[in-house]
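Biologist: Before we discuss any details, could you put the sequence and the model on the screen, so that we can take the questions one after another?

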Amino acid sequence: MAALGWLPPRRRSATARSVLAGEASAEAARKTALTEAPALTEPETEPEALAEEGSEQTPDEPAFPVAGDDLAAAFFDLDNTVMQGAAIFHFGRGLYKREFFRRRELARFAWQQAWFRLAGVEDPEHMQDARDSALSIVKGHKVSELMAIGEEIYDEYMAERIWPGTRALAQAHLDAGQKVWLVTAAPVETATIIARRLGLTGALGTVAESVDGIYTGRLVGEPLHGPAKAEAVRALAAAEGLDLERCAAYSDSHNDIPMLSLVGHPYAINPDTKLRKHARTNDWRLRDYRTGRKAVKVGVPAAAGVGAIAGGAAAAIALHRRRK
């Protein structure tokens with residue numbers, strides 16, 4: 001091991017934090033997961049329909065998921081894969097409405113969300129800034145309080161931003177009798193709420209430290225992003241007795257290539273440029289639900305971007321002024 005002494009200490013510690021974050025997330029996910037597997041039902045969307053809508057798969061591809069395969073599960077990234085935009089930004093808007101922070105922080109959330117939707121990728125600096133802001137905002141608050149507020153925020157800002165196509169893919173796994181997990185850098189409490197509302201098994205997310213039910217303002221490990229997501233999936237699969245070669249994973253971001261590479265059935269959903277290229281090189285399946293028709297289905301105009309976000313921010317600020 002002495003030969004490794006020249007490696008940058010920051011890189012080694014980041015790997016350790018990734019493992020810690022992944023294991024903490026897996027433990028939290030198992031504690032809050034649905035205890036019973038979903039009952040088998042008729043799929044709402046036929047597999048053929050799924051293949052037609054934004055898919056790049058061949059007609060002779062074998063049926064997937066495989067019904068009754070209890071060694072398989074599905075792992076879905078959340079932001080821009082299951083839901084338009086980033087959950088943490090929507091959560092920030094909801095907290096602003098409840099006067100957890102001031103107009104200046106709202107403007108930053110609005111700008112970050114506009115960037116995310118226009119660029120279609122996760123900007124590390126924006127995501128880190130958003131996480132730091134969120135941690136400072138929730139410090140000292142009860143976990144139960146934020147969970148209750150999170151339920152309200154889902155109804156206000158997130159429910160109508162779910163991609164119907166990705167939701168149908170998740171339902172196909174549920175209908176096959178498999179567990180379906182969200183995997184996201186968003187707080188695990190927020191992710192768990194979204195998973196429950198969608199009828200999924202549970203969620204892997206960033207674990208914020210709490211003592212006696214009160215947030216300390218610190219994380220356990222690091223944000224569940226990039227390699228940390230892969231560590232969380234690996235840890236959960238081991239605890240659940242899953243065969244990763246029989247599992248599926250879905251994401252829009254090249255940052256999730258470590259997670260996608262773990263499973264035998266990786267999917268690129270609404271992929272960014274780097275992920276699309278990687279997926280084609282490695283013969284991964286692709287689906288894209290970002291057409292105008294799909295955008296209309298979730299109630300967001302296809303041309304929405306800075307204007308829509310800025311309008312929302314302006315409306316919130318106007319509401320704040322009227323309350324004074």
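Biologist: In this predicted model, which class does Asp 288 count as, buried or exposed?
Modeller: The cut-off for a buried residue is under 20% relative accessible area. Asp 288 has 18% relative accessibility, so this residue counts as buried.

Biologist: Which side chain does Asp 288 meet in a salt bridge?
Modeller: The N to O distance of the pair is 2.6 Å, and the cut-off for a salt bridge is 4 Å. The partner is partly exposed, with a relative accessible area of 35%. The side chain that meets Asp 288 is that of Arg 290.

Biologist: How many salt bridges does the count come to?
Modeller: As background, side chains of opposite charge can pair when their charged atoms come close. By the 4 Å rule, the count comes to 16 salt bridges.

Biologist: With which residue does Glu 152 form a salt bridge?
Modeller: The closest N and O atoms of this pair are 2.9 Å apart. The pair links distant parts of the chain, since Glu 152 is in helix α6 and its partner is in the loop between α3 (87–97) and α4 (103–119), 54 residues apart. Glu 152 counts as partly exposed at 42% relative accessibility, and the partner, at 21%, also counts as partly exposed. The residue is Arg 98.

Biologist: Which residues are linked with Arg 98 and Glu 152 in a network of salt bridges?
Modeller: The network holds Arg 98 and Glu 152 together with a Lys and a further Glu. Those two residues are Lys 97 and Glu 156.

Biologist: Where is the kink in helix α6 centred?
Modeller: Helix α6 covers residues 143–158, and the kink in this helix is about 30°. Among the buried residues of α6 are Ile 149, Gly 150, Ile 153 and Tyr 154. The kink is centred on Glu 152.

Biologist: Which residue of helix α8 does Asp 155 pair with in a salt bridge?
Modeller: The closest N and O atoms of the pair are 2.6 Å apart. Because Asp 155 lies in helix α6 and the partner in helix α8, the pair ties together parts that are 42 residues apart in sequence. Asp 155 counts as partly exposed at 48% relative accessibility, as does the partner at 36%. The partner is Arg 197.

Biologist: Why is α8 described as largely enclosed by the rest of the structure?
Modeller: Among the buried residues of this helix are Val 188, Ala 191, Ile 193 and Ile 194. The helix is largely enclosed because its buried residues number eight of the ten.

Biologist: With which side chain does that of Glu 189 make a polar contact?
Modeller: Glu 189 lies in helix α8 (residues 188–197). Glu 189 is buried yet has no salt bridge, and the nearest side chain of opposite charge, Arg 196, is 11 Å away. Leaving aside neighbours within four places in sequence, Glu 189 is in contact with residues that include Val 143 and Met 147. The polar contact, at 3.2 Å, is with the side chain of Tyr 215.

Biologist: What distance separates the C-alpha atoms of Val 233 and Ala 26?
Modeller: Val 233 is placed in helix α9 (residues 227–240) and is buried, with a relative accessible area of 0%. Not counting residues up to four places away in sequence, Val 233 touches residues including Phe 75, Val 183, Leu 204 and Met 259. Val 233 and Ala 26 are 207 residues apart along the chain, and the separation of their C-alpha atoms is 7.3 Å.

Biologist: Which backbone nitrogen does a side-chain oxygen of Asp 272 reach at the start of helix α11?
Modeller: Helix α11 covers residues 273–281, and the oxygen of Asp 272 reaches to within 3.3 Å of the nitrogen. Just after this helix, Asp 283 takes a positive phi of about 60°. The nitrogen belongs to Lys 274.

Biologist: Over which residues does pLDDT stay under 50, or below 50?
Modeller: The protein averages a pLDDT of 76, and 65% of the residues score at least 70. Where pLDDT is low, the predicted coordinates should not be read in detail. One such stretch has 35 contacts beyond four places in sequence, and another has 40 beyond near neighbours. The stretches are residues 36–59 and residues 292–324.

Notes: Residues numbered from 1 in each chain as written. Predicted model: local features only at pLDDT ≥ 70, side-chain atom pairs only at ≥ 80, totals over all residues. Heavy atoms only, no water. Helix = DSSP H or I, 4+ residues; strand = E, 2+ residues; numbered from the N terminus. Buried < 20%, exposed > 50% of the residue type's maximum accessible area, 1.4 Å probe, protein only. Lys, Arg positive; Asp, Glu negative; His and termini not counted. Polar contact = N/O pair within 3.5 Å; in protein donor to acceptor, adjacent residues only side chain to side chain. Contact = heavy atoms within 4.5 Å. pLDDT = per-residue confidence, 0-100. Bend = angle between axes of the 7 residues up to and from the residue.
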